[in-house]
Amino acid sequence: MALLSLALAASSCSTGPTVTGAGGHGDRPRIINAQAFPADQEPIYELVAAPDFLNQDVGDLRDLPTWHRGDPNSWTPQLQKSIRRFLDEIAALDPGSVLVPGDLVEGRWGRDDLGTGVFGPVRTQAQKRQAVRKAARFYYSTYLQRFRIRGLTLHAALGDHEIGDNFWDHRSPWSDFKRREIALFKEQFARYFTRLPSGKPRYRDRPVGTVWSDTAYAVHLSPDVLLVSLDEFHRRDGDVHLEVRGGQLRWLRDTLRQARADGVPWVIVQGHNPVLMPVREVSSSGGHIEGGRRSPLWRTMARFGVDLYLNGEVHATTMRQADGVTQVSTGGLLYHGDATYLVARFFDDRVELDVHQMQPEPSPPGQLWQTTGRRTRAHIRYADQPSTSIGSLTLTSDGRALNQVGLLQEYDAD
C-alpha cells in the first residue's frame with residue numbers, strides 16, 4: 001500500500017479539530033476521517049477490539065423475579081439504543097472476532113448500598129458471595145447475548161472490574177472482601193467467557209495446573225493469527241498486583257516459543273493494563289503492569305517477537321513501541337460519550353490499524369443504578385451517522401509503524 005501523502009497526514013494531525021459532546025472532553029483531540037484504507041486487497045483476517053466500551057452493569061432488572069415495582073433499574077431505553085448502535089456498527093464490518101480486553105461490567109458485586117434486595121441480602125459473607133454469583137449470572141448472560149444475536153465471536157480478557165474493581169488492600173471491609181474472594185470473581189468470569197455451557201474449557205491452550213488455567217488462554221483466530229489472552233491480576237502479599245508471573249508466565253513463554261517455531265506470521269497479546277507508560281488516560285485509575293518495560297511480561301513479549309499488545313483500562317488511544325513490540329492502548333466509555341473501537345486488518349506483510357469513535361450528542365442528565373448506588377450515566381445519545389476515524393497506522397511484518405495518523409502517531413508525553 002502506498003504511503004499516505006504528506007498533505008493528508010498534515011491535515012489530520014493529532015492537534016486537529018476537537019469535538020465537545022456528551023462526554024465533555026473538549027480538550028481531547030479527535031481526528032475526523034483520519035484514514036480510509038483502500039479496499040483493493042482482501043485481508044487474511046480482520047478483528048475488532050473494544051476494551052472498556054461498557055464498563056457498566058447494564059441489564060433490564062425487570063426480568064428478574066426479585067425486582068419489584070419501584071425498585072431502581074440498571075437499564076434505560078436511551079442507553080440500550082446506544083449499545084445497539086455501537087455493536088450494530090461493529091457487526092456490519094463482519095469481523096472474524098471481537099476482542100474485549102477487560103472491564104465488561106461495573107462488577108462491584110456483593111454490595112447493595114441502596115438496600116434493593118435485587119440480588120438477595122448481603123449481610124453475611126455467604127450472602128455476599130451468593131449475590132456475586134447472581135449478579136454475574138444476570139449481567140454476564142446479558143452481555144453475551146448482545147454478541148450472540150449479532151453472530152459476533154467474542155474473546156474477552158479479565159479486567160479489574162471483573163474482580164470487583166480496584167483496590168484490593170486493607171483500606172475497607174469491601175476491599176478485604178474482594179481480595180479474599182478474588183477466586184470467586186474469577187470463577188464467575190470463567191464460567192461465562194472461557195468455559196462452554198457444559199463446563200468444559202472453551203480454549204484448549206491455557207496454563208493448565210495453575211490458578212490462571214481458567215482466565216488465560218491462547219487461540220488461533222486463523223492459521224496466520226494467534227491471540228494470547230492474559231490474566232494480569234495476581235494476588236500476593238495481601239494485595240492484588242498487576243503482573244504476569246509464575247505458571248502463567250512459563251506458559252506464555254512456551255506458547256510464544258511454539259508460535260515462532262511453527263512460523264505463525266502474526267502474534268497478538270491482549271491484556272487489560274498498559275505496560276509502556278505514560279499513555280493518554282480519561283477517567284481511569286491508571287493501572288499498569290508493574291515494572292513496565294523491565295517487567296517479565298514485556299521482556300517475554302520482546303524476546304519472542306510479539307507483534308501487537310492490545311490493552312484497555314485507560315479509556316483513550318495511544319500507540320507506543322519498544323524492543324520491536326507495538327503497544328496500542330485503546331477503548332472508550334460508551335456512557336461518557338467516547339464509544340471507541342479498533343479495527344485490525346491482517347495481510348501477509350502488514351497489519352492496518354484504524355481506530356473509530358462515535359460522535360455523541362447532548363444527552364439528558366441522570367444516573368444509572370449499580371450495586372453501589374446511582375453512579376454511572378443513564379442516558380447517552382450518539383449522532384445517527386457512522387463513526388469517524390481518530391487514528392490509523394500500518395504495522396509492517398518487521399515491526400515498523402508507517403502511515404501514522406492522528407492518535408496512532410507514536411505518543412510523545414512531552
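**Close-up views of the predicted model**

**View 1. Phe167 sits in the loop that runs between strand β3 (154-157) and helix α4 (173-180).** The model shown here, as in every view that follows, is a predicted one. The peptide bond that leads from Asn166 into Phe167 is cis, and its omega angle is near 20 degrees. As background for this view and for some of those below, most residues other than glycine have a negative phi, and most peptide bonds are trans.

**View 2. A cis peptide bond joins Met277 to Pro278.** The omega angle of this bond is near 0 degrees. Pro278 belongs to the loop between strand β8 (266-270) and helix α7 (296-303).

**View 3. The whole protein, given here as a setting for the close-ups, contains seven helices and 19 strands.** Its radius of gyration is 21 Å, which is close to the 22 Å that the globule rule gives for 414 residues, so the protein is as compact as a globular protein of that length. Along the principal axes, the C-alpha trace extends over about 60 × 50 × 40 Å. Of the 414 residues, 60% are buried, and the protein exposes about 16,500 Å², with carbon and sulfur atoms supplying 48% of that area. When contacts between residues at least 6 apart in sequence are considered, 70% of them join residues at least 24 apart. The mean position of the 49 positive charges and that of the 49 negative charges are 7 Å apart.

**View 4. Strands β15 (residues 367-370) and β16 (residues 373-377) pair in the antiparallel sense, with four bridges between them.** The two strands are joined as a hairpin through two residues. Within this pair, Leu368 stands opposite Thr376, a residue of β16. In a regular strand, the side chains alternate between the two faces of the sheet.

**View 5. Gln370, a residue of strand β15, is shown with the residues that it touches.** Gln370 counts as buried because its relative accessibility is 0%, whereas the cut-off for a buried residue is under 20%. Apart from residues up to four places away in sequence, Gln370 touches Gln56, Asp57, Ser74 and Glu106, and also Arg375 and Thr376. Thr376 is also the residue that stands opposite Leu368.

**View 6. Trp75 lies in the loop between β1 and α2.** With a relative accessible area of 22%, Trp75 is partly exposed. Once neighbours within four places in sequence are left aside, Trp75 is in contact with Gly59, Asp60, Arg62, Gln80 and Leu368. Although Trp75 and Val58 are 17 residues apart along the chain, their C-alpha atoms are separated by 5.5 Å.

**View 7. Asn55, in the loop between β1 (45-49) and α2 (77-92), has a positive phi.** The phi angle of Asn55 is near 55 degrees, although the residue is not a glycine. Asn55 counts as buried, because its relative accessibility is 4%.

**View 8. Asp103 is placed in the loop between β2 (97-101) and α3 (125-148).** Phi of Asp103 is near 60 degrees, which is again a positive value in a residue other than glycine. The relative accessible area of Asp103 is 2%, and Asp103 is therefore buried.

Terms used
Residues are numbered from 1 along each chain as its sequence is written. This is a predicted model: local features need pLDDT of at least 70, side-chain atom pairs count only at pLDDT 80 or more; totals for chains, interfaces and linings use all residues. Side-chain values use heavy atoms; hydrogens and water are left out. The radius of gyration is taken over C-alpha atoms; the globule rule is 2.2 Å times the number of residues to the power 0.38. Buried means under 20% relative accessible area, exposed over 50%, partly exposed in between (1.4 Å probe, protein chains only). Contact means heavy atoms within 4.5 Å. Accessible areas come from the Shrake-Rupley method with a 1.4 Å probe; for residues, only the protein chains shown count as cover. Lys and Arg count as positive and Asp and Glu as negative; His and the chain ends are not counted. The place of a charge is taken as NZ of Lys, CZ of Arg, CG of Asp or CD of Glu. Two strands pair if DSSP finds at least two bridges between them.
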